[in-house]
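Have your sequence and 3D viewer ready, and let's read a protein model together. We will go one question at a time.

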Amino acid sequence: CYRLGGEDVALIALGDTITVTGTIKNYGGTIEFIAGCSLDDRIPGENEAPVAPTDPKEIVDAAFALEKGASLPYMATLTGTITEIVTLYDEQYKNITVNIEVEGTDGKKIIECYRLKGEGAENLAVGDVIAVTGQLTCYYKPATEDKPELDKIEFNSGCTFVPATIED
């Protein structure tokens, strides 16, 4: 269920029974509900939905330990400094893609915030400090004849931000 949306999506845990509405397609050998599918019902299993750690370093380390294509089993919020505007603000879709460096990662663990939304997204700039909320994924796309392999940690599409307040 690719980019599953819905009110209780953050509560989903292993063992739950879910009902989903959407379009099904074969994507490179994987049968999936495509983006835009929605969670209609959730019957909890015996497991509790995982809760995100409170330590940002623990969240970042867990994200960078993900296998290719895997996602953390919880929504996370990380505060970071914008290091790059990857894709300029899109007026039609009201989003922007930026890279952030999370404090304490010494610049080596950059996270892409894919199609980031929020009030003031059109004004974001390199150096701004924002708090991003969403699901972290190890996005992977194998190399093709005309494109190199793509392997990065990202907040999935649909992530949101607010300007961060830094305490001294």
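The questions and answers below look at charges, cysteines and a few buried residues in this predicted model.

Q: How many salt bridges does a search of the whole structure find?
A: Let's start with the idea behind the count. Side chains of opposite charge can pair when their charged atoms come close. Searching the whole structure for salt bridges gives a total of 7.

Q: Which residue meets Asp-16 in a salt bridge?
A: Asp-16 is in the segment before β1, and its partner is in strand β4 (residues 38-43), so the pair ties together parts that are 26 residues apart in sequence. Asp-16 is buried, with a relative accessible area of 14%. Its partner is partly exposed at 21%. The N to O distance in this salt bridge is 2.7 Å, and the partner is Arg-42.

Q: Where do Lys-57 and Asp-61 lie, and what separates them?
A: The side chains of these two residues meet in a salt bridge, at 2.8 Å from N to O. Lys-57 is partly exposed with 46% relative accessibility, and Asp-61 is partly exposed with 29%. Because they are 4 residues apart in helix α1 (residues 56-64), what separates them is about one helical turn.

Q: Which residue is linked with Lys-57 and Asp-61 in a network of salt bridges?
A: We have just seen Lys-57 and Asp-61 meet in a salt bridge. The network they belong to also takes in a further lysine, and that residue is Lys-109.

Q: How many residues apart are Lys-68 and Glu-149?
A: These two form a salt bridge whose closest N and O atoms are 3.7 Å apart. Lys-68 sits in the loop between α1 and β5 (71-90), while Glu-149 sits in the loop between β8 and β9 (150-155). The pair therefore links distant parts of the chain, and the separation is 81 residues.

Q: Which residues form a negative surface patch?
A: Asp-8 is a good place to begin, in the segment before β1 (17-21). Its relative accessible area is 33%, and a patch residue needs over 30%. The residues of this negative patch are Glu-7, Asp-8, Asp-40 and Asp-41.

Q: How many disulfides does the structure hold?
A: A disulfide needs two cysteine sulfur atoms within 2.5 Å. The number of disulfides in the structure is 0. For Cys-138, the nearest cysteine sulfur is that of Cys-113, 15 Å away. For Cys-159, the nearest is also that of Cys-113, at 5.4 Å, and so with the 2.5 Å cut-off the number of disulfides for Cys-159 is none.

Q: Is Cys-159 buried or exposed?
A: Buried means under 20% relative accessible area. The relative accessibility of Cys-159 is 1%, so Cys-159 counts as buried.

Q: How far apart in space are Ala-121 and Glu-103?
A: Ala-121 is in the loop between β7 (110-116) and β8 (129-141). Ala-121 is buried, with a relative accessible area of 0%. Ala-121 and Glu-103 are 18 residues apart in sequence, and their C-alpha to C-alpha distance in space is 21 Å.

Q: How far apart in space are Ile-130 and Pro-50?
A: Ile-130 belongs to strand β8 and is buried, with a relative accessible area of 1%. In sequence, Ile-130 and Pro-50 are 80 residues apart, and from C-alpha to C-alpha the distance in space is 24 Å.

Notes
Residues are numbered from 1 along each chain as its sequence is written. This is a predicted model: local features need pLDDT of at least 70, side-chain atom pairs count only at pLDDT 80 or more; totals for chains, interfaces and linings use all residues. Side-chain values use heavy atoms; hydrogens and water are left out. Patches are made of residues with over 30% relative accessible area and no salt bridge: like charges are joined within 9 Å, nonpolar side chains (Val, Leu, Ile, Met, Phe, Trp, Tyr) within 5 Å. Accessible areas come from the Shrake-Rupley method with a 1.4 Å probe; for residues, only the protein chains shown count as cover. A salt bridge is a side-chain nitrogen of Lys or Arg within 4 Å of a carboxyl oxygen of Asp or Glu. Lys and Arg count as positive and Asp and Glu as negative; His and the chain ends are not counted. The place of a charge is taken as NZ of Lys, CZ of Arg, CG of Asp or CD of Glu. Helices (H or I, at least four residues) and strands (E, at least two) are DSSP runs, numbered from the N terminus. Buried means under 20% relative accessible area, exposed over 50%, partly exposed in between (1.4 Å probe, protein chains only).
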